[in-house]
Amino acid sequence: MTTRVIVTILLSTVLSSAAAGTRQQQSPKKKPAAVAKAQEHYQMTCQPCHGVGGVGVLPGTELTSGKWKHGSSLQAIAKTITDGVPNTAMLPAAGRFTKAEILELAKLARSFDKTPRRKPPVKK
Ligand code: HEC
């Protein structure tokens, strides 16, 4: 008897968290369409290697440490995404996404890095 109750409780917990997982994947309505789209692209294309929130799955794929091997500016990140990194698992995304979509992906990737930024150089 008790076992059955425990099993039922366990099952319903598993099922409801699975349902919550499905709900999270739907793009949130309130964000600008481009941002939501970038998050969707990230989840579908980048997350398997870079992890949720850029925590990293494969070696060298974390995007949160503040160390950007290929440059931390939006332009540099967009270039890395566009061209990929030769001889690594980081394949070029050019052709799969538009330039605008890649820029949004770059902004998203950049946002995973929460380390304080150095002040930008003062413009003359
Ligand atoms: C098959 C695995 C894989 C996928 C998919 C992938 N990446 Fe990568 N990515 C890597 C690896 C591995 C590196 C590290 C390359 C190196 O050693 O320099 C990397 C590096 C990067 C970098 C450079 C980080 C730095 O330190 O400068 C960025 C930015 C990046 N990826 C973004 C993305 C985005 C955005 C996507 C989705 C469009 C994506 N990646 C998809 C494996 C992947």
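Helices (H or I, at least four residues) and strands (E, at least two) are DSSP runs, numbered from the N terminus. This is a predicted model, in which local features need pLDDT of at least 70, side-chain atom pairs count only at pLDDT 80 or more, and totals for chains, interfaces and linings use all residues. Residues are numbered from 1 along each chain as its sequence is written.

**Figure 1. The shell around the ligand draws at least two residues from each of α2, α3 (74–83) and α4.** A residue counts as near a molecule or strand if its C-beta atom, placed from the backbone, lies within 6 Å of it. Which residues come nearest to the ligand? Of the 22 residues around the ligand, they are Cys46, Cys49, Lys69, His70 and Met90. Helix α2 gives the largest share of this shell, five residues. Sorted by class, the shell has 14 nonpolar, seven polar and one charged residues. For these classes, Ala, Val, Leu, Ile, Met, Phe, Trp, Tyr, Cys and Pro count as nonpolar, Asp, Glu, Lys and Arg as charged, and the others, Gly among them, as polar.

**Figure 2. The whole protein chain has four helices and zero strands.** Reading from the N terminus on, the elements run α-α-α-α. Buried residues make up 11% of the 124 residues in the chain. A residue is buried if 20 or more other C-beta atoms lie within 10 Å of its own, exposed if 12 or fewer, and partly exposed in between, with C-beta atoms placed from the backbone. Two residues are in contact if their C-beta atoms, placed from the backbone, lie within 7 Å. Among contacts with a separation of 6 or more, residues 24 or more positions apart account for 51%.

**Figure 3. Helix α2 (residues 33–50) bends by about 50° at methionine 44.** The bend at a residue is the angle between axes fitted to the seven residues ending there and the seven starting there. A proline, proline 48, follows methionine 44 within four residues. After α2 comes glycine 51, whose phi is positive, near 80°. Which residues of α2 are buried? They are Ala38, Cys46 and His50, and the buried residues of this helix pack against α4 (99–111).

**Figure 4. A close look at alanine 38, found in helix α2.** Alanine 38 is buried because 26 other C-beta atoms lie within 10 Å. Leaving aside neighbours within four places in sequence, alanine 38 is in contact with Glu101, Glu104, Leu105 and Leu108. Alanine 38 and isoleucine 102 are 64 residues apart in sequence, yet 8.1 Å apart in space, C-alpha to C-alpha.

**Figure 5. Helices α3 and α4 pack at an angle of about 115°, with their axes 9 Å apart.** Two packed helices are described by the angle between their axes and the distance between the axes. Axes are lines fitted to C-alpha atoms, for helices over the stretch in contact, and angles run from 0 to 180 degrees between N-to-C directions. Is the crossing of α3 past α4 left-handed or right-handed? It is right-handed. A crossing is left-handed if the near helix is turned anticlockwise from the far one by less than a right angle, and right-handed if clockwise. On the α3 side, Leu74, Ile77, Ala78, Ile81 and Thr82 meet Ile102, Leu103, Leu105, Ala106, Lys107, Ala109 and Arg110 in α4. The residues of this contact divide into nine nonpolar, one polar and two charged.

**Figure 6. A close look at lysine 107, placed in helix α4.** Lysine 107 counts as partly exposed because it has 15 C-beta neighbours inside 10 Å. The C-alpha atoms of lysine 107 and serine 73 are separated by 9.4 Å, while these residues are 34 residues apart along the chain.

**Figure 7. Two loop residues, leucine 58 between α2 and α3, and asparagine 87 between α3 and α4.** Leucine 58 is partly exposed, with 13 other C-beta atoms within 10 Å. Apart from neighbours within four places in sequence, leucine 58 is in contact with Cys49 and Ala89. Leucine 58 and alanine 89 are 31 residues apart in sequence and 9.1 Å apart in space, C-alpha to C-alpha. Is asparagine 87 buried or exposed? Asparagine 87 is exposed, because 6 other C-beta atoms lie within 10 Å. Its phi is near 60°, a positive value in a residue other than glycine.
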